[in-house]
Amino acid sequence: MVSGHVFIGTSLDGFIARPDGDIAWLDTHAGTNEDHGYAAVMALVDGLIMGRATYEKVLTFGDWPYTKPVIVMSTSLSEAALPHDLVGKVRLSAESPKALMDRLAQEGWRHAYVDGGKLIQSFLRADLIDDMIITRLPVLLGTGIPLFGPLEKDIPLRHVETTAFASGLVQSKYAIARRP
Ligand SMILES: NC(=O)c1ccc[n+]([C@@H]2O[C@H](COP(=O)([O-])OP(=O)(O)OC[C@H]3O[C@@H](n4cnc5c(N)ncnc54)[C@H](OP(=O)(O)O)[C@@H]3O)[C@@H](O)[C@H]2O)c1
């Protein structure tokens, strides 16, 4: 089994990006250059699974920021569209989240970082997320791309811890509360 982990920043009103995908506000309101636990999550995981929209945003950064393998879930991208320098670093998947996680387990993965709003939502619906570290930034955006969305049934959570940083960021960790 591969456990799914979320580590993401949101506005206080629950958005992960502006409607056009802009995330510059994250830097504006992040306060310090503090790591906020990102390095520990990256050290834990065997790789990242991200939605196509998040991948396309990361491409605009210029330098590829990940040292671990990245799987981009997309039904529209083809391998031929991958930049040459990302061959061997990025793989595409058009599988279902469950089929992908089963295949990664066979490859030896144990922990995956799941990134992107729509992707996180579909992994939550498929019961493939184990815990979420959500860092709320002190800003209201009013509109944007939401972290969460419709569910067929409630997902009970267990609050693990909350840390308030001097910068104004408030980070909460939740585990998915599964029945024994
Ligand atoms: N605040 C933060 O910390 C943070 C973190 C991550 C991302 N972001 C921002 O969030 C925005 C992207 O989030 P998003 O919610 O729009 O998109 P996303 O989850 O990154 O990507 C969604 C796309 O992934 C593909 N996909 C393939 N299988 C899927 C599945 N099972 N479930 C859902 N999607 C699947 C689809 O593209 P195809 O049409 O190709 O199939 C879908 O349109 C970007 O602006 C990014 O910068 C912010």
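This passage describes the ligand site and the two largest pockets of a predicted model.

Residues are numbered from 1 along each chain as its sequence is written, and side-chain values use heavy atoms, without hydrogens and water. In this predicted model, local features need pLDDT of at least 70 and side-chain atom pairs count only at pLDDT 80 or more, while totals for chains, interfaces and linings use all residues.

The ligand makes a good starting point. Around it stand 24 residues, each with a heavy atom within 4 Å of it; Gly9, Thr54, Ser74, Thr75 and Ser76 are the closest. By class, this shell holds ten nonpolar, ten polar and four charged residues. Here Ala, Val, Leu, Ile, Met, Phe, Trp, Tyr, Cys and Pro count as nonpolar, Asp, Glu, Lys and Arg as charged, and the others, Gly among them, as polar.

Oxygen atoms of the ligand take part in several polar contacts (pairs of N or O atoms within 3.5 Å). A polar side-chain atom of Thr75 lies 2.4 Å from a ligand oxygen. The backbone contributes too: an N or O atom of Lys118 is 2.7 Å from a ligand oxygen, and for a polar backbone atom of Leu119 the distance is 2.9 Å. On its own, the ligand has 910 Å² of accessible area (Shrake-Rupley method, 1.4 Å probe), and the protein covers 84% of that area. Two or more shell residues come from each of β1 (3–11), β2 (15–17), α3 (52–59) and α5 (117–125); helices are DSSP runs of H or I with at least four residues, and strands are runs of E with at least two.

The ligand takes up the space of the largest pocket, in that more than half of its atoms lie within 2 Å of the grid points. A pocket is an open set of points on a 1 Å grid over the protein atoms alone, where a 1.4 Å probe fits, with protein on both sides within 12 Å along at least five of seven lines; lining residues have an atom within 4 Å of a point. The volume of the largest pocket is about 1500 Å³. Its lining counts 46 residues, with Ile8, Ile23, Leu26, Phe61 and Asp115 closest to the centre. Helix α3 gives the most to this lining, five residues.

The second largest pocket holds about 350 Å³. Its 13 lining residues comprise six nonpolar, no polar and seven charged ones.

Methods. A polar contact is a pair of N or O atoms within 3.5 Å; within protein, one must be able to donate a hydrogen and the other to accept it, and residues adjacent in sequence count only if both atoms are side-chain atoms. Grid points are joined across faces, edges and corners, and a volume is the space filled by probe spheres set on the points.
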